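Here's a quick briefing for anyone opening this structure for the first time. Take a look at the sequence and the model, then read on.

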Amino acid sequence: MTTVITNIASLVTNDPSLGDGSPLGLIQDAAVVIDGDRIAWTGDSREAPATDNRVDAGGRAVIPGFVDSHSHLVFAGDRTQEFNARMSGRSYTAGGIRTTVAATRAASDEDLERNLTHYLREALLQGTTTFETKSGYGLTVEDEARALRIAAAHTDEVTYLGAHIVSPDYADDPAAYVALVTGEMLDACAPYARWVDVFCEKGAFDGDQARAILTAGKAKGLHPRVHANQLSYGPGVQLAVELDAASADHCTHLTDADVDALASGNTVATLLPGAEFSTRAEWPNARRLLDAGVTVALSTDCNPGSSFTSSVPFCIALAVRDMGMTPDEALWSATAGGAQALRRTDIGRLTPGAYADLAILDAPSHVHLAYRPGVPLVSGVWRRGAPVT
């Protein structure tokens with residue numbers, strides 16, 4: 001079955017060879033044709049080919065579905081009290097993760113999956129059609145493996161993050177925990193994951209530990225991602241580029257050498273403004289990265305401790321208001337940028353051959369995502385060629 005969505009005021013294709021020639025490839029008064037689960041055609045609505053079905057967008061904007069390339073959705077428990085205390089003056093540290101670890105270990109598989117699907121649905125209705133999610137709240141062989149097994153039932157973009165923090169069980173012997181993460185735990189988790197990640201930060205894992213963990217993951221066929229330079233300057237970004245990580249995530253505290261490394265490599269800088277919003281931390285300088293030629297992605301970092309939002313539109317608004325991005329750059333980073341952070345070419349764009357993942361906005365332009373922050377502008381979502389209800 002083929003379907004044409006027509007009467008689109010503004011269509012974002014993310015193909016600069018189309019439309020206005022910008023990175024967004026904007027087409028005015030546009031139409032898009034869906035064949036099965038893929039895009040078959042985009043162009044001027046007056047030139048749309050005949051199809052089996054016809055949908056009128058009513059003069060609304062259509063954008064690619066958001067690609068959320070960094071989230072932590074397999075968890076249990078609540079950290080409301082921590083957030084409340086932090087907003088009253090206490091700074092965030094990596095140790096807060098231990099609260100969620102205890103709750104996650106105590107939860108049943110059914111509880112964890114119910115929680116996961118709740119937040120996936122919440123994100124989907126806000127336009128997120130592809131998401132990555134991680135383990136990291138179990139920190140035992142059994143709990144990390146079950147987290148990834150549950151996640152793998154809902155997405156192909158699954159990340160092994162046994163190296164989130166040193167397990168409380170190994171507080172007095174971090175080296176033994178690194179050995180576990182690179183040995184028995186990795187063996188149990190690798191079959192369910194595509195990626196390996198590490199929190200390279202003071203209070204978590206240093207550069208040497210992170211290198212050992214990522215190298216072991218690569219040897220098992222997992223590709224690296226890195227939590228890098230969130231809370232302080234450190235080796236995470238340089239290590240990510242050296243190991244050809246798909247993404248260095250957070251990138252809040254960067255030296256000129258860090259920026260140069262990102263600009264010269266294939267590693268995407270994934271910025272997570274929800275974390276800075278929720279911790280009152282310094283904003284990442286997206287303008288500095290973009291002006292240096294770095295590929296930037298925007299994601300939610302949805303997790304119960306430091307960024308409890310599933311809303312990519314909210315993160316777009318923050319990036320435009322506080323991180324120096326234009327509305328065009330923020331949207332590109334939340335769609336095509338996220339796809340590059342997952343090393344995917346079949347998502348994050350609306351061009352022939354890509355998955356038919358799109359969002360219809362109750363607005364004539366994508367600029368309204370930042371122009372009208374907090375307003376639920378996503379009025380319709382199509383995923384893999386089917387409308388979401």
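What follows starts with the whole chain and then moves to its cores and a handful of residues.

Keep in mind that this is a predicted model. The chain has 389 residues, and 59% of them count as buried. Its secondary structure adds up to 15 helices and 17 strands. With a radius of gyration of 21 Å, close to the 21 Å that the globule rule gives for 389 residues, the chain is as compact as a globular protein of that length.

**The chain as a whole**

- Measure along the principal axes, and the C-alpha atoms fit a box of roughly 70 × 45 × 45 Å.
- Contacts often link distant parts of the sequence: among those with a separation of 6 or more, 70% are between residues 24 or more positions apart.
- The accessible surface of the chain is about 14700 Å², and carbon and sulfur atoms make up 49% of that.
- As for charge, the chain carries 30 positive and 48 negative charges, and the mean positions of the two sets sit 2 Å apart.

**Nonpolar cores**

- In soluble globular proteins, nonpolar side chains tend to be buried together.
- In this chain, the largest nonpolar core holds 88 residues. The members that touch the most others are Tyr160, Phe205, Leu262, Leu289, Leu298 and Ile316.
- Helix α4, spanning residues 141-152, gives the most to this core, with 6 residues.
- Another core lies apart from that one and has 15 residues, including Ile5, Ile27, Val32 and Ala57.
- Want to see who surrounds Phe205? Leaving out residues up to four places away in sequence, Phe205 touches Ala163, His164, Ile165, Val166, Tyr177, Val178, Val198, Phe199, Cys200 and Ile213.

**Two residues with positive phi**

- Most residues other than glycine have a negative phi, and most peptide bonds are trans.
- His250 goes the other way, with a positive phi near 100° although it is not glycine. You'll find His250 in strand β12, residues 247-250. His250 is buried, at a relative accessible area of 1%.
- Arg280 also has a positive phi, of about 55°, and it isn't a glycine either. Arg280 sits in the loop between α10 (273-279) and α11 (286-291). At a relative accessible area of 59%, Arg280 is exposed, since that is over the 50% cut-off.

**Residues in loops**

- Arg225 is in the loop between β10 (223-224) and β11 (226-228). Is Arg225 buried or exposed? It's buried, with a relative accessible area of 0%.
- Arg225 and Leu289 are 64 residues apart in sequence, and their C-alpha atoms are 18 Å apart in space.
- Thr309 belongs to the loop between β14 (296-298) and α12 (312-322). Its relative accessibility is 15%, which is under 20%, so Thr309 counts as buried.
- Setting aside neighbours within four places in sequence, Thr309 is in contact with Thr300, Cys302, Phe314 and Cys315.
- Thr309 and Ala123 are 186 residues apart along the chain, yet 8.9 Å separates their C-alpha atoms.
- Asp156 is in the loop between α4 and β8 (158-163). Asp156 is exposed, with a relative accessible area of 64%.
- From Asp156 to Asp15, the C-alpha distance is 25 Å, and the two are 141 residues apart in sequence.

**His223, a strand residue**

- His223 has its place in strand β10. Its relative accessible area is 23%, so His223 ranks as partly exposed, between the 20% and 50% cut-offs.
- Which residues does His223 contact, leaving aside neighbours within four places in sequence? They are Arg194, Trp195, Val196, Asp244, Ala245, Ala246 and Arg343.
- His223 and Pro364 lie 141 residues apart in sequence, with 39 Å between their C-alpha atoms.

Notes
Residues numbered from 1 in each chain as written. Predicted model: local features only at pLDDT ≥ 70, side-chain atom pairs only at ≥ 80, totals over all residues. Heavy atoms only, no water. Helix = DSSP H or I, 4+ residues; strand = E, 2+ residues; numbered from the N terminus. Rg over C-alpha atoms; globule rule 2.2 N^0.38 Å. Buried < 20%, exposed > 50% of the residue type's maximum accessible area, 1.4 Å probe, protein only. Contact = heavy atoms within 4.5 Å. Areas by Shrake-Rupley, 256 points an atom, 1.4 Å probe, with all protein chains shown as cover. Lys, Arg positive; Asp, Glu negative; His and termini not counted. Charge placed at Lys NZ, Arg CZ, Asp CG, Glu CD. Core = buried A, V, L, I, M, F, W, Y, C linked by side-chain atoms within 4.5 Å.
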